[in-house]
Amino acid sequence: MKRVFRHPVRLSALTVLSVTAACLLAVSVCAMIFATVYSKAVLRDAQVNAEQTVSQTAVSVENSLNAMKYRLSQVAALAARSEDAAGFGSAIAALTNVENDIFVVTVYDANGGVVSRTASGEKPKETVFRDLSFDAELFSVAAPYAITKPHVQTGFAGVYPWVVTMAVKTDEPILGNGIYVAIDFRFSEIAGYMDGIGIGRHGYCFILDRDGSVVYHPQQQMLYSGIKSEDTAALCALSDGVHIGKNVLYALHTTADAHWRIVGVSYTEELEAEKRTQIVVGIAAAFLCCAVILALVLVVYSKIVNAPVRRLVQAMQAFEAAADPSVYTGQPQAVAELQALSDSFSHMSRRIEELMEKVRREEKVLRKTELRALQAQINPHFLYNTLDSIQWMCEQGKTEDASKMVGALARLFRISISRGHELITIKDELQHAKSYLLIQSYRYRDQFSYRFEVDETLLSYLCNKITIQPLIENAIYHGIDRMVDEGEIVITVKRAQDAAGDILITVSDNGVGMTEEQCAKILSKERSDSGGIGVKNVNDRLKIYFGERYGLSIHSVPDEGTTVTVRIPQIEKEAGQDV
């Protein structure tokens with residue numbers, strides 16, 4: 001059983017869909033591979049970046065700590081060599097003027113009592129409520145030195161700097177009973193450095209001590225207020241290196257002296273967002289390139305395949321729809337199959353045109369033969385009645401009327417024969433009609449009258465012979481013969497009031513008229529009821545000779561009359577043409 005598709009797909013649409021689907025599939029697979037590889041690369045780069053940032057931060061902090069230790073050792077040696085507090089104070093004052101990061105140098109006894117305290121240009125308080133720079137427990141066990149958390153220095157009036165204290169214990173008597181040398185270093189340099197470090201958009205670094213307490217955090221105030229928290233216990237349990245948590249990436253590095261630990265924090269959500277952005281940009285770029293390539297491929301494919309196929313389909317549709325198909329001439333094609341189709345269709349159209357031309361010629365010959373046969377079939381009853389009327393006129397002595405009828409009958413036959421020509425002048429066709437009307441007026445005496453309204457400038461144009469007579473015959477037999485009152489027949493020849501300027505010949509009567517159905521039936525009857533040449537035959541002959549836009553049209557109103565209009569083109573008689 002033959003399969004029929006209700007909605008067949010066009011070749012162009014199928015091509016676009018196929019190529020687009022293939023490109024989309026290829027790009028999608030490449031995008032998935034790219035996204036996977038890129039995601040791993042972004043995460044790996046983030047880990048490396050975090051580790052490098054934390055390592056560089058640790059080196060900077062270690063350098064700062066080493067510088068503090070060096071200055072502390074110098075101050076401790078100076079204190080050991082000093083004989084009194086005044087000399088030591090003068091030396092320290094000079095040192096603080098040079099070293100801006102040293103805020104104060106203090107010598108403590110075993111109980112935290114201040115043996116000596118020197119700060120450049122600052123006045124110590126007489127009474128200090130609590131000295132945050134001294135930590136007996138830390139100082140006593142730390143070796144080779146102790147370092148405190150950053151704190152506020154409260155030993156001076158009107159000045160409360162943020163400092164970190166580094167202390168060293170010595171067995172040598174320092175300025176009497178002092179055993180600890182401590183320096184309060186300004187922490188602003190380290191803090192500023194830590195604040196400026198960023199890992200990603202929102203990542204940061206902070207410092208833990210060996211106990212897991214926060215030494216410094218760039219978001220210190222948020223930690224103190226409870227808005228933010230750090231899981232320091234979990235971080236202490238982690239080894240140095242990079243660790244991935246939930247939506248967060250930790251990088252840890254312990255300083256060489258193991259006092260502090262640098263912790264870098266970055267957020268994988270930022271990496272995901274950046275990764276998505278980069279992937280989207282990459283995929284968009286890939287799709288854009290794919291679209292450009294696809295457009296170029298489709299343009300080339302359209303010119304090579306789709307356009308020739310479309311032209312071939314249009315030619316086939318036009319050939320199928322046309323009443324008079326023309327020969328298709330194929331063009332050279334780039335695709336061998338399309339070239340074969342084009343050549344085959346060209347050969348087929350040429351063969352069909354030849355066959356159609358042959359059929360037209362045979363049909364024309366057949367119709368002309370039929371026409372001649374019809375023209376030759378003069379109604380025997382008409383001829384018998386006419387001759388009988390002539391005989392009766394002769395017997396009654398009406399020789400003049402009989403002579404007129406014989407002359408009219410002769411003219412009728414002469415024009416009907418017209419030496420075998422199909423086209424005669426309108427003048428001769430009107431003479432043929434007048435002869436017919438003259439004969440019928442004797443037969444139907446006092447039953448109808450007739451008149452002609454003719455544009456004299458149109459008499460020399462050609463028309464089909466025996467065109468008007470069948471229409472008059474139809475008007476007499478079907479319109480006037482059934483009337484009680486006298487009928488009238490009007491024959492008009494005029495020019496159409498349109499751009500074409502065709503010739504209109506009308507035959508009008510005031511007879512019984514017809515309905516629309518009867519008008520349509522007349523154009524379908526092969527012969528008239530009286531046996532003469534049918535109205536349909538006149539219409540067919542006009543269309544054969546002049547085309548579909550020419551022929552008969554009938555307008556009729558019951559009890560009012562009928563008008564038959566003949567439309568023919570303006571065909572002039574050529575010079576020397578014998579018609």
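**Strands, helices and a surface patch**

Me: Which residue of β18 stands opposite Ser556?
Reply: This is a predicted model. Strands β17 and β18 run antiparallel, joined by seven bridges. Opposite Ser556, in β18, stands Thr562.

Me: Where in the sheet do β17 and β18 sit, and which strands are its edges?
Reply: The sheet is open and has five strands, with mixed pairing. Its order is β13-β15-β16-β18-β17. An edge strand here pairs on one side only. That holds for β13 (448–454) and β17 (551–557).

Me: By how much does this sheet twist from one strand to the next?
Reply: Strands of a sheet may pair parallel or antiparallel, through backbone hydrogen bonds. In this five-stranded sheet the pairing is mixed. From one strand to the next, the twist averages 15°.

Me: What is the bridge partner of Arg495 in β16?
Reply: Strand β15 covers residues 487–495, and β16 covers residues 503–509. They pair in the antiparallel sense over seven bridges. For Arg495 the partner in β16 is Ile503.

Me: At what angle does helix α11 run to β13?
Reply: Helix α11 spans residues 426–443 and packs on the sheet. It touches β13, β15, β16 and β18 (561–568). Its direction and that of β13 make an angle of about 170°.

Me: Which strands does helix α14 lie across?
Reply: Helix α14 takes in residues 535–546. Its angle to β17 is about 140°. The strands it lies across are β17 and β18.

Me: Is Asp559 buried or exposed?
Reply: Asp559 lies in the loop between β17 and β18. That hairpin has three residues between the strands. Phi of Asp559 is near 70°, a positive value in a residue other than glycine. Its relative accessibility is 70%, above the 50% limit, so Asp559 counts as exposed.

Me: And Ile466, buried or exposed?
Reply: Ile466 sits in the loop between β14 (462–464) and α12 (468–480). Its phi is also positive, near 55°, though it is not a glycine. Its relative accessibility is 4%, under the 20% limit, so Ile466 counts as buried.

Me: How does Val29 count, and what is the accessible area of its patch?
Reply: Val29 lies in helix α1, residues 11–81. At 40% relative accessibility it falls between the 20% and 50% limits, so Val29 counts as partly exposed. Leu25, Val29, Ile33 and Val37 form a nonpolar surface patch. Together their accessible area is about 380 Å².

Definitions and conventions. Residues numbered from 1 in each chain as written. Predicted model: local features only at pLDDT ≥ 70, side-chain atom pairs only at ≥ 80, totals over all residues. Heavy atoms only, no water. Pairing = 2+ DSSP bridges. Helix = DSSP H or I, 4+ residues; strand = E, 2+ residues; numbered from the N terminus. Axes fitted to C-alpha atoms, helices over the stretch in contact; angles between N-to-C directions. Contact = heavy atoms within 4.5 Å. Patch = residues over 30% accessible without salt bridge, like charges linked within 9 Å, V, L, I, M, F, W, Y side chains within 5 Å. Areas by Shrake-Rupley, 256 points an atom, 1.4 Å probe, with all protein chains shown as cover. Salt bridge = Lys/Arg side-chain N within 4 Å of Asp/Glu carboxyl O. Buried < 20%, exposed > 50% of the residue type's maximum accessible area, 1.4 Å probe, protein only.
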